[in-house]
Amino acid sequence: MNKTILITGATSGIGKATANLFSRKGARLILTGRRQNRLDELKNTLPTEVFTLNFDVRNCQAVFECIQSLPENWKHIDVLINNAGNAHGLDNVQTANLDDWDAMIDGNVKGLMYVTKAILPQMVERNEGQIINLGSIAGFEVYPKGNVYCASKFAVDAFTQGLRIDLNPHNIRVNAVNPGLVETEFSNIRFKGDLSRAEKVYADINALQPEDVADAIAYMVNAPSHVTIADMTLLPTQQANATVVDRKN
Ligand code: 8X3
């Protein structure tokens, strides 16, 4: 694959699986994340050329400075995969922690918007490119105690739609992939390292694996250039929607 692909939040979960898949298909990768040592470790395992950028998507200034600092031969980005984002806490609004709200709104929403805005000028200038946003089933359905996490993913959906409208004259494909339960560090982070709570989320269910989501992303990238997969919702077969999960097995 003769493309340069930038993946945010590349050091774990869906981001890492996507980096692995595209590198093995021959793509050059720009990998971003908050932990340089993890970026370096991943880079060393990948067969193609990799450039790493160490920033937190929540830091607007760092986002723009890092993207602008890319060397000339890395400035042409064919595909942006806006993967960075997390859930923090699972609480009622009345008892929730404001820092958790800030982390979700700042990362999942504002961070995704900053990275998009920083990358866009070169795509608009070329009238070519592709942006894939990681949404969620939580971007269409609200579940108990999901309040602000769901709000952040509803915002990703709205931003994706708005972006597709604004970029319509520029031949830029805008896609969203919206997974249900994916077995990653997601629940460890949501429950702040409480593994017993995190493990229960994926117990008795054959959950999606990060590689399944990477496959869906690859399908969007590999579709012919006149085809936009506007959005794809991906669920484990045992999950019917955001709240109905068959845990009998
Ligand atoms: C991840 C899916 O259902 O845990 O966004 O919110 S869910």
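Is Gly9 buried, partly exposed or exposed? Select Gly9 to begin: the residue is partly exposed, with a relative accessible area of 22%, where buried means under 20%, exposed over 50% and partly exposed in between (1.4 Å probe, protein chains only). This is a predicted model, in which local features need pLDDT of at least 70 and side-chain atom pairs count only at pLDDT 80 or more, while totals for chains, interfaces and linings use all residues. Residues are numbered from 1 along each chain as its sequence is written, and side-chain values use heavy atoms, with hydrogens and water left out.

Gly9 is placed in the loop between E1 and helix H1 (13-24); helices (H or I, at least four residues) and strands (E, at least two) are DSSP runs numbered from the N terminus. If you add His76 to the selection, the C-alpha to C-alpha distance from Gly9 is 20 Å, across 67 residues of sequence.

Move next to Thr4, which lies in strand E1 (residues 4-7) and is buried, with a relative accessible area of 5%. The side chain of Thr4 makes a polar contact with that of Arg28 at 3.1 Å, a polar contact being a pair of N or O atoms within 3.5 Å; within protein, one must be able to donate a hydrogen and the other to accept it, and residues adjacent in sequence count only if both atoms are side-chain atoms.

Now select the ligand and the residues near it, that is, those with a heavy atom within 4 Å: Ser136, Ile137, Ala138, Tyr143, Tyr149, Pro179, Gly180 and Phe186. Side-chain N or O atoms of Ser136 and of Tyr149 each come to 2.6 Å from an oxygen atom of the ligand, and a polar side-chain atom of Tyr143 also lies 2.6 Å from a ligand oxygen. Of the 240 Å² that the ligand exposes when taken alone, the protein buries 89%, with areas from the Shrake-Rupley method and a 1.4 Å probe.

Two loop residues complete the tour. Most residues other than glycine have a negative phi. Asn127, in the loop between helix H4 (98-126) and strand E5 (129-134), has a positive phi near 50 degrees and is partly exposed, with a relative accessible area of 35%. Finally, select Lys145 in the loop between E5 and helix H5 (147-166): its phi is positive, about 70 degrees, although Lys145 is not a glycine, and the residue is partly exposed at 40% relative accessible area.
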